[in-house]
Amino acid sequence: MSQILYVAGDSDMRSAALKVVLWGIAALTAGLAATALGVRALRVKSPPLDEPLPATPMQRLSRIGLLAGAVLSAGLVALVLYFGPEGTMEDDTVRIGFTLLLLAILGLFGLLSLRLSIWMRRGDVVDERDRAILSGSHALRSVAMLVTLAVWLIGLMESYQAEGAVPVYWLYFVFWSVLVVSMLAFPLGILFGYRRS
Amino acid sequence: MPKAEIRNRIRRLRFDHGEMTQQALAEQVGCTRQTIVLLEQERYVPSLALALRIARVFGESVEGVFELED
């Protein structure tokens, strides 16, 4: 009897996991859609400039951040799509690879933030206009992260409400997707902020 | 209140001050060259602090550099 109950429970959990995968995709999509909407709001049609604008150091840093963030995020997505959420967590090698990619994203994020905070102390590198753009980008990133988190939590609630418990590895994916959205939304907000002149 | 346009004479003043480059002005007032380019093309309205610093570099009053056009 207990074996039958266990099998039924396992099947329920598998079906719930499938639902969460879809909710996870929805969360990532919602976060990126919020970023796209924010970026669209930042765009202003204005006549072309009389002379080309030189790129600021913060623009160059954002381009590097966006490129590296996109490559690392694509690596994470590829791993999860190939091995599946459970496979990613159960296979030690895959889990370590996944964790190393996450650490690489965090390290990159830390390095770029450190560089930016050093520049913030120097007015000739980051000036008042850069600060205003940075502030807009922070707001955009916060909204995108909040939307991602909200969709994830709704998804977990809807998928596991009957079971009353959520497998712990989902928390890892929640953090990962919020980090990916943050890594993409922040430089995008900066780059489009510069286009709003 | 109607939106006011801020005009400025930064480009003229730069040339009157020994053809000062945009980069040199940016370094003296503590901003990026991109901000100077946008200021000259009247696409960016500076803060009061930046306006005061620019006026000081040219030895002018703020009104001597910037003009409010209704």
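This report walks through a predicted model with two chains, A and B, starting with each chain and ending where the two meet.

A few ground rules help. Residues are numbered from 1 along each chain as its sequence is written, while chains are lettered from A and ligands numbered from 1 in the order in which they are written. Since the model is predicted, local features need pLDDT of at least 70 and side-chain atom pairs count only at pLDDT 80 or more, whereas totals for chains, interfaces and linings use all residues.

**The two chains**

Helices and strands here are DSSP runs, numbered from the N terminus: helices are H or I with at least four residues, strands are E with at least two. A residue is buried if 20 or more other C-beta atoms lie within 10 Å of its own, exposed if 12 or fewer, and partly exposed in between, with C-beta atoms placed from the backbone. Two residues are in contact if those C-beta atoms lie within 7 Å.

| Chain | Residues | Helices and strands | Buried | Share of contacts (separation of 6 or more) from residues 24 or more positions apart |
|---|---|---|---|---|
| Chain A | 197 residues | five helices, zero strands | 31% | 87% |
| Chain B | 70 residues | five helices, two strands | 29% | 54% |

**Chain A**

Read from the N terminus, chain A simply runs α-α-α-α-α. Now for its inside. A nonpolar core is a set of buried Ala, Val, Leu, Ile, Met, Phe, Trp, Tyr and Cys residues joined through C-beta atoms within 7 Å. The largest one has 38 residues, and A:A144, A:V180, A:V181 and A:A185 touch the most other members. Helices α1 (2-42), α2 (57-90), α3 (92-120), α4 (128-160) and α5 (169-195) of chain A each supply at least two residues of this core, with α5(A) giving the largest share, 15 residues. Take A:V180: leaving out residues up to four places away in sequence, A:V180 touches A:L28, A:S73 and A:L76.

Is A:F83 in helix α2 of chain A buried or partly exposed? A:F83 counts as partly exposed, because it has 18 C-beta neighbours inside 10 Å. Beyond its neighbours within four places in sequence, A:F83 is in contact with A:T88, A:D91 and A:V94. A:L112, by contrast, is 29 residues from A:F83 in sequence and 30 Å away in space, C-alpha to C-alpha.

**Chain B**

Chain B runs β-α-α-α-α-α-β from the N terminus. Its radius of gyration is 11 Å, close to the 11 Å that the globule rule gives for 70 residues, so chain B is as compact as a globular protein of that length. (That radius is taken over C-alpha atoms, and the rule is 2.2 Å times the number of residues to the power 0.38.)

Which residues of helix α2 (residues 22-29) of chain B are buried? They are B:Q22, B:L25, B:A26 and B:V29. These four cover an arc of only 100 degrees around the axis, so they sit on the same side of α2(B); the arc is that of the directions from the helix axis to the C-beta atoms. The buried residues of α2(B) pack against α1 (10-16), α3 (33-40) and α4 (48-57) of chain B. Right after α2(B), B:G30 takes a positive phi of about 75 degrees.

**Where the chains meet**

At the meeting point, 13 residues of chain A are in contact with 15 residues of chain B. On the chain A side, three are nonpolar, three polar and seven charged. Here Ala, Val, Leu, Ile, Met, Phe, Trp, Tyr, Cys and Pro count as nonpolar, Asp, Glu, Lys and Arg as charged, and the others, Gly among them, as polar.
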